[in-house]
Each structure stands twice: as C-alpha cells, then as structure tokens.
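These are my notebook entries on one structure. I set out to look up a buried charge, a ligand site and some backbone geometry.

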Amino acid sequence: MYRPRLDLLARRSLLRQLRTIHAAPGPEVELDGRRILMFASNNYLDLATHPKVAEAAINAIRRYGVGATASRLMSGSLTVHCELEERLAAFKGTEAALVFSTGYQANLGLVQTLAEDVSTIYADRLCHASLIDACRLSKRTLRIYRHRQVSQLRRLLERKRQGAGLILTDGVFSMDGDLAPLPSLHHLAASSNAYLVVDDAHGTGVMGHEGRGTVEHFGLTGAALIQMGTLSKALGAFGGFVTGPRDLIEYLVNRARPFVYTTALPPSMAAAASAALDLVEAEPERRAELWRLRKRLYQGLKTLGCETLDSESPILPILVGEASDTLALSEHLFAHEIYAPAIRPPTVPPSRSRIRLSVTAGHTSAQIDHLLEAVAAVRTTNGALWERLTDRTAAQRGVAAKDRSPSL
Ligand code: PMP
C-alpha cells in the first residue's frame with residue numbers, strides 16, 4: 001500500500017534507509033563488511049564505549065535489574081535516578097533536576113507544563129522537532145521567529161497581550177551547529193515577562209570551559225534558566241533531563257505526562273550517565289581534543305571552499321543545496337569509507353540539504369585528514385558536483401531559503 005509513496009520519495013532523493021552496523025559505536029564501525037569512519041554520531045566525548053561508563057551500567061543491572069518496571073511515581077525512585085539528578089543539578093548550577101526516559105520526552109513534558117501558564121510560545125525556526133511537537137501538543141498560540149533573529153522576537157513579544165510568554169531555543173542548533181544568541185534572549189525574556197527554555201542537547205559536555213553547556217559558554221548563570229539536555233550525546237548513555245528551580249521540578253513530577261505515564265529510565269542508563277559526568281569533570285583533555293580536531297576539520301573544509309554555515313560547534317555542516325547532490329556526496333564519501341549521511345527535507349528546509357559531520361574526541365588527526373581528502377576527491381571524480389558544492393552563489397541561494405523550515 002505504501003510502495004508508491006516510497007517510490008516517490010526515492011525519485012525525489014528523499015528516501016531514508018536504515019543501515020546495520022556490526023560494531024560498538026566508535027570513530028570506526030563495521031558496515032556491510034567494511035571498516036567505515038563514523039562522522040555522524042553525537043558521541044562527542046567518545047564516552048559511549050568508555051570502560052568506566054560500561055562498567056557502571058553493568059553494575060547497575062546487577063544491583064537493580066534491567067528494567068525500571070514502572071513509572072517512578074508508581075514503583076518508586078531508584079537511588080541511581082536520585083543520584084544522577086543531584087549530579088545534573090550541580091553540574092548545570094541549578095536548584096534541581098528531573099530525569100526523563102528520553103530527551104524528546106523531556107521537551108514534551110517541560111513545554112506542555114510551562115504552557116499551562118503562558119498565552120503564547122515563541123520558537124526559533126530551527127528549534128529541534130521535539131520542541132515543535134511539544135508546542136503542537138500544548139495547543140497554545142505558536143509564533144516562529146527567524147533563526148537567531150532577536151529583533152524579530154522582540155517585536156513579537158511587544159505585541160504579546162496579557163500573561164507570560166515562553167521562548168524556546170536550542171543552545172547548539174543540531175543541523176547547523178551554530179549557537180543561540182543566549183545573552184540577548186536571556187535579557188529579552190527577563191524584560192518581557194517570558195520564560196526562556198534552552199535545549200542544550202548538543203551543548204552539554206561540549207560547550208563551555210567545564211563542559212556545562214552553552215549557558216556556561218556565554219558566561220550566564222544556570223540558576224535563572226530552564227535547561228533541557230540529553231544523556232545520549234556527549235554523555236554516551238540514554239535518557240533526557242530538565243534542570244531549573246526546585247518548584248518547577250516538583251511540579252513537573254506532578255504534571256509532566258511523559259514523566260508520569262511512562263516507565264522510568266532504566267537504572268543502567270542512569271548509572272552510566274553519572275559515570276560519564278565523572279569523566280566530563282575529571283578528564284577535560286577529552287574536550288580539548290574534541291575542539292582541536294574540530295578546528296582541524298573546520299579549517300580544512302574552509303580551505304576547500306565548503307560552506308559550513310555559522311557553525312561554532314563540533315557539528316560541521318557542508319551545505320550542498322539539492323537533495324540529489326547531497327545524496328551523491330554522501331555516497332561518494334561512503335565509497336571512501338566515510339559514513340556521513342545526507343540530511344534532507346523535512347529535517348532541513350528545501351534547497352538546504354547538507355552533509356552533517358560531527359567530530360568526536362575519539363577521532364584522530366589522520367582520520368580528519370582522510371575525510372578532507374575524500375571531500376577534495378569530488379573535484380576529480382565529479383567536477384560538476386564540486387562546482388555546485390563550492391559555488392558561493394548557490395550557497396547564498398540556500399542561505400536565503402534557510403528560514404523556510406518544512407518541519408514546522
Ligand atoms: N533536542 C535536540 C536538539 C536533539 O538533537 C535531540 C536528539 N536528536 C533531542 C532534543 C532529543 O533527545 P533524545 O535523543 O534524548 O530523545
């Protein structure tokens with residue numbers, strides 16, 4: 001019944017397919033019987049396979065079993081959940097924290113709960129899909145502002161009638177790798193009776209001197225902000241969390257449906273995330289290595305003439321434009337033992353398809369150089385694609401189209 005629709009997606013270069021990987025998620029994986037360099041994971045600090053993180057998970061399974069068996073309000077909170085929440089609150093500099101089963105659910109629960117008290121929600125056009133889905137579920141008026149355009153947001157807030165507003169932004173935008181203008185947003189929220197929620201899924205462990213996230217990067221204090229994060233990226237585990245004032249956290253326990261009505265995070269994942277936080281604090285050299293490699297890749301891509309948008313993070317997009325070209329580049333890289341999937345609509349707006357590269361602390365300089373050589377090889381194997389790839393005008397056309405996000 002769905003075959004014609006699948007065929008249509010394929011004809012438009014928009015078909016997505018799962019690929020089976022036969023080895024642990026590291027910088028190098030086994031795919032279709034070949035060793036492939038992985039440049040698509042969010043394993044920024046290379047902790048998903050760290051022996052201490054794995055050991056913590058195994059020990060928790062021995063002590064608590066595999067599944068959490070029910071919602072925490074039903075069968076009780078486990079010590080590992082509570083310990084992790086204390087660690088997360090201290091790490092983010094907030095009064096309290098609450099762990100959810102995924103980051104997606106954390107956003108759904110947080111936004112729906114805050115929305116009880118607000119008339120209008122304001123979201124950056126490139127906010128993560130989970131924030132947008134949360135807005136839809138909250139049934140509040142949603143105003144989208146242009147990506148990182150504080151002046152437009154200010155005008156929208158000026159038109160706000162009575163009641164509080166809610167501003168949603170990613171800290172690090174997941175497909176562009178650029179940063180939210182947090183100081184201005186923070187200031188604007190404070191002066192316009194609005195809550196500010198920062199989704200720092202990609203900033204946690206990565207941004208800021210101590211890896212506390214985008215809030216630390218901008219020198220803001222966590223206490224005044226509501227932050228969401230995930231345990232599944234730099235922390236290498238699984239699950240999501242919200243940090244903020246204690247009364248909000250207690251209220252979420254009572255009201256956030258994705259917390260109340262779902263089985264709690266498996267204890268092994270809570271223990272693994274705590275062990276990962278230990279490593280984030282004890283081994284700052286991981287972050288230093290991540291940033292050293294990111295700089296190497298960024299400079300190499302710039303030298304080649306690639307358009308990397310305004311990325312300031314280990315997420316480095318190569319803006320291509322059309323979905324078919326992007327697919328061709330992804331396949332070219334795959335032929336050079338590099339896994340970097342084509343990111344196409346609806347994840348990004350039309351004409352903004354791209355390769356999204358993510359660097360991790362586990363990569364080596366030689367692997368970054370291999371990736372750069374593979375990108376450079378397009379020039380000889382597919383001259384027409386290379387021209388489009390490095391053509392400023394085409395890239396600019398894409399930039400103009402960037403606010404037409406179809407995922408909204
Ligand atoms: N927010 C952002 C910005 C994300 O990139 C993601 C994951 N892709 C999430 C939220 C959801 O987190 P999780 O994977 O833990 O559900």
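Entry 1, conventions. I call a residue buried under 20% relative accessible area, exposed over 50%, and partly exposed in between, with a 1.4 Å probe and protein chains only. I take a salt bridge as a side-chain nitrogen of Lys or Arg within 4 Å of a carboxyl oxygen of Asp or Glu. Lys and Arg count as positive, Asp and Glu as negative, while His and the chain ends are not counted. The model is predicted: local features need pLDDT of at least 70, side-chain atom pairs count only at pLDDT 80 or more, and totals for chains, interfaces and linings use all residues. Residues are numbered from 1 along each chain as its sequence is written, and side-chain values use heavy atoms, with hydrogens and water left out.

Entry 2, Asp199. I located Asp199 in strand 7, residues 194-199; strands (E, at least two residues) and helices (H or I, at least four) are DSSP runs numbered from the N terminus. Which side chain of opposite charge is nearest to Asp199? I found Lys233, 8.0 Å away, and Asp199 is buried without a salt bridge. The side chain of Asp199 does reach the backbone nitrogen of Ala201, at 3.0 Å. Leaving aside residues up to four places away in sequence, I list among its contacts (heavy atoms within 4.5 Å) Asn107, His128, Ser130, Leu131 and Met228.

Entry 3, helix 6. Ser130 and Leu131 are also among the buried residues of helix 6, residues 129-138. The buried residues of this helix pack against helix 5 (103-115), strand 7 and other elements, including strand 4 (118-124). Lys139 follows helix 6 and has a positive phi, near 60 degrees.

Entry 4, ligand. I noted 16 residues around the ligand (a heavy atom within 4 Å), with Gly103, Asp199, His202, Thr230 and Lys233 the closest. Helix 5 gives the largest share of this shell, three residues. An oxygen atom of the ligand lies 2.7 Å from a side-chain N or O atom of Thr230, and a ligand nitrogen lies 3.1 Å from one of Lys233. The protein covers 83% of the 390 Å² of accessible area that the ligand has on its own (Shrake-Rupley method, 1.4 Å probe).

Entry 5, backbone. Most residues other than glycine have a negative phi, and most peptide bonds are trans. I recorded a cis peptide bond from Pro345 to Pro346, with omega near 10 degrees. Ser351 has a positive phi, near 70 degrees, and sits in the loop between strand 12 and strand 13.

Note on methods:
Polar contact = N/O pair within 3.5 Å; in protein donor to acceptor, adjacent residues only side chain to side chain.
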